[in-house]
Structures are given as C-alpha cells and as structure tokens.
Amino acid sequence: MTERAHAEGHAEEGAGTWSGSWVAERLGVGLTGDEALTGLLGLALRRNPKRAHLLVSNVLGKHVPQSPSVVHGHGVALGRRVRDLLGAEAAERAVVLGYAETATGLGHSVADGLGSAPYLHSTRRPVATVARAGGFEESHSHATSHLLLPEDPALLAGDGPLVLVDDEFSTGNTVLNTVRALHGRYPRKRYVVVALVDMRSPADAGRLDDFAREIGARVDLVTTASGTVQLPPGVLEKGQELVARHETAATDPTTEPTTDPTTGRVPAAAPSATVRRVELRWPHDVPDGGRHGFTPAHRARLEAALPAMAARIAEALPTGARRVLVLGFEELMYAPLRLAHALEQTVGGDVAVRYSTTTRSPVLAVDDPGYAIRTRLVFPAHDDPADGPGERYAYNVAGAGFDAVVAVVDSVADTPALHAPDGLPARLAAHVPHVLLAVVPSYVPGSPHAPERPSMLPEPLRGPDFSSYAPDEVGWLLQDLSDVTLEAPTEEREEAIQSGGAHYAESLPVEYQPSEQYQQLFHAALETSAARLARAVGAVTEIVLAERSPRPVLVSLARAGTPVGVLMRRWARFRHGLDLPHYAVSIVRGRGIDANALRWLADHHDPADVVFVDGWTGKGAITRELAAALRAFEDSDGITGFDPEIAVLADPGSCVRTYGTRDDFLIPSACLNSTVSGLISRTVLRADLVGPHDFHGAKFYRELAGADLSPAFLDAVSARFPEVTEAVDAQAKDLLSADRAPTWEGWAAVERISEEYGIHDVNLVKPGVGETTRVMLRRVPWKVLARAGAGADLDHVRLLAEQRGVPVEEVADLPYTCVGLIHPQYTRGATGADGKAVTL
C-alpha cells in the first residue's frame, strides 16, 4: 500500500473519531469542559515518571500536521484578545514571552496579534556570547532548564505588562516558576497568561490568584478553551504498563505488531527519495526567531521577505504535488510556520500545505484512528545540544500521504549528524517521495563594538537571470554590470596596465571568439581529459570533506574557480548525497577579496565551514593575496574563522595543501573565456561602479548563448564520476597520507625566469597551462616557454601562438608544462599592424 493510500485509509476510518478515545478507553482518562475541547486536543501516552498521558494539540503545529493558517490564526486571535484586555496604551508597552520548545511559535503568533509587542522565548540552547537574563524550571517536563537570553537586557526590564504564552495551562507551576524568577529581578504590576487550553484541576484553579496577591500584581488568564482532565486512581502506573506493553509488542518478532519503534506502524518498503536544498535567501538582518528577541521592525522586514521565499519553495516543489508538509525543528517553530503560511497562500487551493515540527518529547505511537500519535520517525539530535546526544522525533509524518516535505532547520543544526544515513532527511526520504531542505541562518547577537556595516547586502545572483548555470549550482556574490560598456582592445588595456594608468580589474578584454579549429581542439581536449579531471575533482573534494569540514560551504574565486566549485559540489552529491552551498566571489590581485562578500558569507554561514576554491595555481599570487586580505578583514571587521587555504584542482606551483593533483595539464575550462564559465566575464572593480557597500561587478554575456559550452563541460566531466570512483578513493587515500606541505618551487621558478629573460617583473610571468592560455586570450603575449617533450596538452597553446605570431621556445627542466610571458614594457608599438607580437 502506498503512503497516500494509507493516509486516505486513515482519513476514512478516522472520520468522526476523537483522537483521544484510544487512551480514554484503556485508562479511563477523560476530558470535561468546553464543547470545543475534543476538537482542540487528542490524547497519547509517553514514558514519563511524572505524567503518563500527553495532551496533543490539533492546532499547535507540533505533533499533528495542521494548516499553517489555522496554527497562526489561533495565536493571532489570542493576541488580539490580549490587546483588547490590556487596552491600547498598555498593549503598546507589553512584552511577550513564549516557552521552549512547544510554544515558541504560538508565543510569536500571539505577539503578531498584539501588533507592536517585542517577543522573546525561553531556550534550552545556551549561547556563550549572550548573558543570561534569567531562567526557570518546568516541573513536569523531561527537559527542564529554560534560559532567557535577550540580546537587549532592557527587553525584560520595563514596567509594561508581561504576556506569558504556553500551549496548555495544566498545573500553573511553569508560569509560577517563571513569574517568581522574573518578578524578583524585574518587578511589574501586570502579567497576562495565555494558553490554548486551561486544563487546571479545581485544586489548582485558585493558586494563580493567591500568587498574584502574594507578589502584589495583577495576573489575568486568556485561553481558547478550558476544562479538566479526569484521571482515575493508578493511572500513572497503568499508563506506564501500557506503554511498556506496546513498545515490547512493537519489537517482538513473534508478535504481529501494530507499530514499530521508529514509525509507529509496519511500513511498506519505499525507495529513498532524493534530498534537495532550497535556498531561502533569508533576510540577513532578521533573526530566525525570538531566542534573543524579535522586534516589530524585524517583523516588518520578515513580512516583506516572505512572499519571495515562499515562491522559491513553491518553485522547488515537484510537479503535481498535492500534499506538502513544512516541518520545523524543535524551538525553530515560527520561521517554518510563517514560511508554510506564505507557501499556502502562494500555491492556493490546489495544494494542501500542512505544518508541524520535530520534537524532543518521546511519545508512544499507535496506528489507530482514536489515538493522536499514529506514526513516529526517530533520528539522532543534530544540533550538538547542551544536554548531550539523544533521540529526536517527527510524529504523524510517515503514512500521511505527503508528496513532499520541506524540512526547515537553522544553520547551527545543519550538521553532519543531520545528513548522516540515520539523520532526519534520510528518515523522511524513506517515506516521502521528495524531501527539500531549507536552512535559516542562526542569529547570534554580535559584539556591540562591531564596525558599522551596510544595512543590507543583496542576495546572490543566480541563473538563468545571471549566468547559464542552473540556479542551485552557484550563487554569485557579485553585482550585474551587463549593461555597462567595459571592454577595451587588448593592446590599449595592456599599455594602460603596464604604465600604471589603470588596474587590470577596471576594464574587460574583448571576449575571444574561438575559430572552428580552436573549438575542435577544445572538444578533443575535453574528451581526452574528462576522466583525469573527474579524478582530480573527486580527490580534492574528498580531502576537503576529510580535513576541512564535513559540511563545507564552497566559495569559488570567480571566475576560473567557479566551474571547479560546481564540479566539486556535484561530486559531493554523487558520492555522499550532500547538497553543498556554493557561491562565487571576486578577488583582485593588489586589491584583495570582496569584503562585502565575506560579510554576507559570515552572516549566512559559519566562516570556519567556508572553503575557497580555485581552478589551479600558477606562481601562488592569489594564494598570498587571499591570506593577506583575510588578515586585513579580521582587523577591520573583527570576524574570524575564514581559512586562507585554497582548494584547487591542480597545484603545479606547489602553493597549497589541498589539491587534486600537482600535474600541470590542460584543464579545458582554461581554454575559453566566458563560454566555458557560465557566460560570466572576469570580475570588475572600479570606483565609479562599485561603491563601499557593493559587491564587485561582472557581466553576463547573454548574447553568446549560442556558443556556450559551460553545461557541456560540466556534464562531460561529471558523467565520468561513476567510472573513476575507485581511482578517486585510492588517490585521495594516498594524498591524505602524503606530505603535502607547499614547497613554493613554482614561485622560485618564476623569479628565475623573470631575471633570465630580462623582464624583472614576476607579474608578467604566467606559469602553467591555464595561466599561459589566459595570456594568449587576454593579454599581449611575448613568448611561450614549453617544457621539452610536452605533448597534446599544449596543442591549443601552439595554435593560439601561431595565430598571434608568438614564438614557442622549448626549455629543459621547466617545472611547468609551459609558461606564458607577457610583453614587457609594453606600448602599442610592440605589435605590428597585423596585431602580432614584435620581438624585442
């Protein structure tokens, strides 16, 4: 039976059945009170020494998937009632406090209903850089320590009403503990307690009033419904016995089980779904929730960004999806809820969008229409919790007939444990055809002494609007200068550069249009070297995963590094099922790396996970440039953690430790310009175009689409991945055990060549096949030095040299396959009327 058929069967058999009847019949537990109570609540059982039964809300969005408009609407309605109770003046001064983990989203929704109230929720995740403003205990919970960590200590220090929000008000102990802890430190005259349901016993009903008189403050209670839970004698012991019996039955192979310990039922075998990442482009100045405070200004910015984020999710959904679940993560309830609500509005009535979250609470699952928790998925904690590793759960997801699940986590939880074979996405993929992963950047308050930054940096540019790469292949941290005329004749540029009149990054060379003969050489070279390239891609990626980060953020140096970054990303997905983030940034010799791009990366990712990627090394100038730029960035911004070590496909200059090979061979992406690099120009840095708060620029040559070979190059190399897997494993193993310390022999060779040939400027000596090709395509070449006996790797260089009248000189003992020499002391008289080089 398919998951959808199973779900439809559930719906038929469950119609009209109260989801608390199974527990009520077996334990004698009952609910009395408002007529709406049984529609709001079901019952389940959990292994807990203090309370066996669990009230399961149908409108909270925690254990039971529900329409996000229903979930958010209940919280907003409660907030409006609080506003009416307080009056306009007091409501303007109110602060809302929600409880982790279950009520973080509800509390935030109540704050939405109040309108202008800042919001804070308690947390079980300590943050070293934030001082505690208080804490309290939750007496009946399995995890009791609640921390209050507002970024602004004054948030709780005002004298306006404090609105405390929980999902249920059962004994009042949690609220009393909270108010007692806060009132001694921040006394105020009025508190409002808000809950979906008031389930206090008659004995507990008067405690709140007594406590209010004790502290000399007014305490009001606002709920959606009220009632009591009827518990017969011995219910705790009977409940524990029932839980034990059903858990034993689920694992006893001699018993026909109704549930199993991981799904709550006997699932039909299902093929694993693919897990794809959706980039939300979460606004960098909006916290992921209320852990450190969430202001009305944050709310306004989030509201403005939600439609675009929902549209990106909708675009990533599989065609024909009819039922979609947005699954939040423990305390991260509000952000997924609002994304789900916006998605619901985006896709309209044709798609049923539901919302729920994962949880720390262990609950028995029983596949019965009269029981609130019908299935459960079990997976390990993946956010390095303060209380150590443990199981986490997703309820009522398996068997619910979802066509897709959008799992939303914060970046702290986007760890190797999440992506492990037993992690949440893998568990979901066994039951749902399509799994999408969206990561919201975890907000951690920064230092108050941090330098002023731009108010907002734009989101990365992506194809097809910018570049011919697919949008998930790379995000360009650049600004689009496509409409600006930047090209200048090669000879004019060379004269300006060498005379000191201009920097090479202030203009662009005219794009080289390859002849038919040259294109044939490119295709022949690609066919010959694709497997060799695939091995190098696999090897460098395996080294990065083993030594740098199990979940790296690939940041390629535009533009030569970008095809390599895309291929490394493809290898990680092919070999390990990882969907790595990948961006391209600008670095300019003599000017450093784009600092605004670094700021954007630090806002969205852990700098320690960033791995800079380039195609190859020449003499190591960019390696040194990056190291110096990152030191300067640490001094200016106080942001640390970026590793200057570049990962490259080929390191013939012996400049880095992370590489796929040190052979100097033809990398076909070096043979062409934009037509093998997503139709993107090299990057531009010019003061009249790039301001202090702008990304560096580049052009998208849309008009060259007919000549674009970028996808063909990537596909040709990645098609060889299956056949080189064993060779990659062996090559990576050898490299990981080898001494890979840089020797910088390439730099020494360049210095020697510069002096021997009377150039006296190492910047005019471009070693290696890739750099020599660049000289031929973008600069004014003088000579090519070729290693004696170099073969087909130099066919394209020889052809270009012939076309431009550049002599090729064979040299013994050259550490590179070839070296390109730029014409020294260049003036336009150094080329003849035919544009060919004139010998000095």
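I take contact to mean heavy atoms within 4.5 Å, and I apply that to a predicted model.

**Entry 1, the sheet.** I looked up the strand order first and found six strands forming an open sheet in the order β1-β10-β9-β8-β4-β5, with mixed pairing. At its edges I noted β1 (30-33) and β5 (119-121), each of which has a single partner strand, so one side of each is left without a neighbour in the sheet. Direction ignored, neighbouring strands of this sheet are turned by 30° against each other on average.

**Entry 2, one strand pair.** I then followed β8 (residues 162-169) and β9 (residues 190-198), which pair in the parallel sense over seven bridges. In this pair I found Val-163 standing opposite Val-192 in β9.

**Entry 3, a helix on the sheet.** Turning to helix α7 (residues 173-183), I saw that it lies across β4 (95-98), β8 and β9, and that it runs at about 160° to β8. Because angles over 145 degrees count as roughly antiparallel, I entered α7 as roughly antiparallel to β8.

**Entry 4, two helices.** Two packed helices are described by the angle between their axes and the distance between the axes. For α7 and helix α9 (residues 207-215) I noted an angle of about 5° and axes 11 Å apart, and the two helices are therefore roughly parallel to each other. On the α7 side I listed Asn-173, Leu-176, Val-179, Arg-180 and His-183, which meet Arg-207, Leu-208, Phe-211, Glu-214 and Ile-215 in α9. Sorted by class, this contact of α7 with α9 has five nonpolar, two polar and three charged residues.

Note on methods
Residues are numbered from 1 along each chain as its sequence is written. This is a predicted model: local features need pLDDT of at least 70, side-chain atom pairs count only at pLDDT 80 or more; totals for chains, interfaces and linings use all residues. Side-chain values use heavy atoms; hydrogens and water are left out. Two strands pair if DSSP finds at least two bridges between them. Helices (H or I, at least four residues) and strands (E, at least two) are DSSP runs, numbered from the N terminus. Axes are lines fitted to C-alpha atoms, for helices over the stretch in contact, and angles run from 0 to 180 degrees between N-to-C directions. Angles under 35 degrees count as roughly parallel, over 145 as roughly antiparallel, 65 to 115 as roughly perpendicular and the rest as oblique. Ala, Val, Leu, Ile, Met, Phe, Trp, Tyr, Cys and Pro count as nonpolar, Asp, Glu, Lys and Arg as charged, and the others, Gly among them, as polar.
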